[in-house]
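Please take a first careful look at the model shown here. The report below starts with a single residue and then widens its view to the whole chain.

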Amino acid sequence: MARYGVEEFQLMLLRRMADHRPELVDDALRALGASHAELRAAHNGWQARLRSRTYPGGVRRYTTVLGAPEREVERRVGDLVCRALQWRLPLWPDLRFEVLCAPGGAVWNEWLVRAPEAARPELGRTADLAPWSCVVEDVVRAFPPTAPLPPDAPSRARLALTAPETGERLVAHFTWGLLQYVADR
């Protein structure tokens, strides 16, 4: 398989985000000096790796592409103690790509999270929920109580929340953990 590193990985993440925010993806492509053809090639390359019988699985899939994680922490999920591994991606300096591994190494979740040292966005009203401005945890903290909804596709997450200013029920839609849009429930 052809070389696949951090740059291609970022493009792969952008490919799924282009479904909802093509204008932001176009801006990111310009910043990276990449084309739509490179974006598609990166997505196809990742899909080939996911389906390959010989490419490493589990967390090794990510260390092969992204190198050693910048940070590794234990995280409790119910009674289980899991590992969360985080990598810095140049396109999102205030975020980290996180892989949550179950005991035994199976990957449970993979998405962008706020870097521990990064300032959290000011989120007090639903108008503050701008595309690409926050991650799932930011919304959970700012709009309690939230409720996770079944994802509508792989790499996507959805949260039900209530607008504090109107009481309206809304759904925040995320791709790879990054907010894409908010819609009426």
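Trp-176 is buried, with a relative accessible area of 7%, where buried means under 20% relative accessible area, exposed means over 50% and partly exposed lies in between, judged with a 1.4 Å probe and protein chains only. This tryptophan sits in the loop between β7 (169–175) and β8 (178–184), and although Trp-176 is not a glycine, its phi is positive, at about 50 degrees. The model is a predicted one, in which local features need pLDDT of at least 70 and side-chain atom pairs count only at pLDDT 80 or more, while totals for chains, interfaces and linings use all residues. Residues are numbered from 1 along each chain as its sequence is written, and side-chain values use heavy atoms, with hydrogens and water left out.

Most residues other than glycine have a negative phi, and most peptide bonds are trans. The table lists backbone features of this model that can be read against that background.

| Residue | Backbone feature | Place |
|---|---|---|
| Trp-132 | positive phi of about 65 degrees | loop between β4 (107–114) and α5 |
| Trp-176 | positive phi of about 50 degrees | loop between β7 (169–175) and β8 (178–184) |
| Pro-145 | cis peptide bond from Pro-144, omega near -10 degrees | loop between α5 (136–142) and β5 (147–149) |

The protein as a whole contains 5 helices and 8 strands, which are DSSP runs numbered from the N terminus, with helices being H or I of at least four residues and strands being E of at least two. Along the sequence these elements follow the pattern α-α-α-α-β-β-β-β-α-β-β-β-β.

How much of the protein counts as buried? Of its 185 residues, 41% do. The largest nonpolar core, meaning a set of buried Ala, Val, Leu, Ile, Met, Phe, Trp, Tyr and Cys residues joined through side-chain atoms within 4.5 Å, has 33 residues, and those with the most contacts inside it are Phe-9, Leu-14, Met-17, Trp-92, Phe-97 and Leu-112. The elements that give two or more residues to this core are α1 (6–17), α2 (22–32), α3 (36–51), α4 (60–66), β2 (80–89) and β3 (92–101), and α1 gives the most, with 6 residues. Apart from this core lies another, of 14 residues, among them Leu-123, Val-136, Leu-161 and Leu-179. In soluble globular proteins, nonpolar side chains tend to be buried together.

Trp-92 shows how contacts, meaning heavy atoms within 4.5 Å, join separate parts of the chain: leaving aside residues up to four places away in sequence, Trp-92 touches Gln-10, Leu-13, Leu-14, Met-17, Leu-112, Trp-132 and Leu-178. By the same kind of count, Leu-80 touches Arg-75, Pro-103 and Trp-108. Leu-80 belongs to strand β2 and counts as partly exposed, at 37% relative accessibility, and its C-alpha atom is separated by 32 Å from that of Leu-129, 49 residues apart along the chain.

Finally, the overall dimensions can be considered. A compact globule of 185 residues would have a radius of gyration near 16 Å, and the protein, with 17 Å, agrees with this; the radius is taken over C-alpha atoms, and the globule rule is 2.2 Å times the number of residues to the power 0.38. The C-alpha atoms fill a box of roughly 50 × 45 × 30 Å, taken along the principal axes.
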